[in-house]
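Got your viewer open? Here's a short tour of what to select, stop by stop.

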Amino acid sequence: MFISIEGIDGCGKTTQIKLLAEYMSQLDVEFTIVREPGGTKAGEEIRDILLHKEYHLYSESELLLFMAARAQIVREVIRPELEKGKTVIADRFMDSSVAYQGVGRRLGREIVQAMNSFAVGETVPDITLYIDVPADVAISRMRKERKNDKIEMESLDFFERVRKGYEKLICENRKRFVVIDGKQSEERVQADIRKSLSVLFDEKKPNGR
Ligand code: Z5A
């Protein structure tokens with residue numbers, strides 16, 4: 001099973017993935033968590049260039065680097081883990097590029113989707129949990145955390161465009177996406193996530209508990 005978690009920065013993905021990991025351990029589901037960009041040696045170096053170095057990258061270069069990291073993690077980690085029968089939980093995957101680079105950076109959705117197909121091949125998530133928060137809520141959470149990655153320092157307008165990018169993806173992929181209301185408390189968000197995955201993991205519960 002391949003699960004991806006998406007949303008704008010500050011939507012609460014990291015918090016929720018930690019809680020989800022606790023739940024999956026209780027269910028005895030074998031899982032691996034990966035994050036993008038990163039998750040491999042080469043990918044972590046690419047992450048550093050993308051988020052922390054002062055190279056003033058053009059949007060096109062940024063997109064190519066995200067894709068390179070993705071092609072690497074798919075082949076080095078995600079496919080082998082799925083082939084072993086493990087569940088893979090990805091903190092961001094291909095939809096992030098469509099929303100951030102395609103729509104946020106205005107490079108165009110079609111080119112990004114074509115590059116995604118090249119980078120991931122058949123390795124597409126079975127389910128994508130999209131944690132939805134308005135851009136202003138996300139920004140105020142990031143300010144509280146004083147996060148200042150290059151992309152996180154973008155404007156409200158940028159994050160509103162990214163959110164619209166996700167909304168379009170959701171409309172086009174209704175079977176794959178589940179939308180979770182990220183404005184709720186952390187506990188409520190987690191309860192909704194578990195509910196949406198319960199059908200997939202029900203058979204793992206001891207004695208149908
Ligand atoms: N990016 C891209 O442009 N294109 C791509 O293809 C890919 C990525 C793959 C990765 O950064 C960056 O790369 C990202 C998109 C871009 N933008 N930036 N910069 P990252 O991995 O460093 O960060 P992130 O993925 O954006 O996540 P994040 O900033 O760490 O936030 P989060 O994981 O969504 O949220 P969190 O850390 O769990 O929570 C943020 C704060 O909110 C924290 O103080 C929590 O305690 C609080 N929080 C969480 N949930 C709640 C609720 N429910 N209520 C109130 N407060 C909450």
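Two rings of Phe, Tyr or Trp count as a pair here if their centres lie within 6.5 Å. Keep that in mind as you select Tyr100, Phe158 and Phe159, which ring pairs link into a cluster. One more thing before we move on: this is a predicted model.

**Stop 1: more rings**

The structure holds four aromatic pairs. For one of them, select Tyr130 and Tyr166: their rings sit 4.8 Å apart, centre to centre, with 40° between the planes, and the pair is classed as tilted. Now colour by secondary structure. Tyr130 belongs to strand E4 (residues 127–132) and Tyr166 to helix H7 (residues 156–172), so this pair ties together parts that are 36 residues apart in sequence. Are these two tyrosines, Tyr130 and Tyr166, buried or exposed? Switch on a surface to check: Tyr130 and Tyr166 are both buried.

**Stop 2: the ligand**

Next, click on the ligand and show what surrounds it. There are 27 residues around the ligand, and those that come nearest are Asp9, Lys13, Thr14, Thr15 and Ser97.

Try picking out a few polar side chains here:

- Asp9: an N or O atom of its side chain is 2.4 Å from a nitrogen atom of the ligand.
- Ser97: look for a polar side-chain atom 2.6 Å from an oxygen atom of the ligand.
- Arg47: here a polar side-chain atom is 3.0 Å from an oxygen atom of the ligand.

How much of the ligand does the protein bury? On its own the ligand exposes 1100 Å², and the protein buries 88% of that.

Now zoom out a little to see which elements build the shell. Those giving two or more residues are helix H1 (13–26), helix H2 (41–51), helix H3 (59–83), helix H4 (94–104) and helix H6 (135–145). H4 gives the largest share, four residues. If you colour the shell by class, you'll get 12 charged, 10 polar and five nonpolar residues.

**Stop 3: Gln190**

For the last stop, select Gln190, which you'll find in helix H8 (residues 186–201). Its relative accessibility is 4%, and since anything under 20% is called buried, Gln190 counts as buried. What does the side chain of Gln190 reach? Follow that side chain to the backbone nitrogen of Leu20, at 3.3 Å. Leaving out neighbours within four places in sequence, Gln190 is in contact with Gln16, Leu19 and Leu20. Select those three along with Gln190 to see the whole group.

Terms used. Residues are numbered from 1 along each chain as its sequence is written. This is a predicted model: local features need pLDDT of at least 70, side-chain atom pairs count only at pLDDT 80 or more; totals for chains, interfaces and linings use all residues. Side-chain values use heavy atoms; hydrogens and water are left out. A residue is near a molecule or strand if one of its heavy atoms lies within 4 Å of it. A polar contact is a pair of N or O atoms within 3.5 Å; within protein, one must be able to donate a hydrogen and the other to accept it, and residues adjacent in sequence count only if both atoms are side-chain atoms. Accessible areas come from the Shrake-Rupley method with a 1.4 Å probe; for residues, only the protein chains shown count as cover. Ala, Val, Leu, Ile, Met, Phe, Trp, Tyr, Cys and Pro count as nonpolar, Asp, Glu, Lys and Arg as charged, and the others, Gly among them, as polar. Buried means under 20% relative accessible area, exposed over 50%, partly exposed in between (1.4 Å probe, protein chains only). Contact means heavy atoms within 4.5 Å. Rings of Phe, Tyr and Trp (its six-membered ring) pair if their centres lie within 6.5 Å; planes under 30 degrees apart count as stacked, over 60 as edge-to-face and the rest as tilted.
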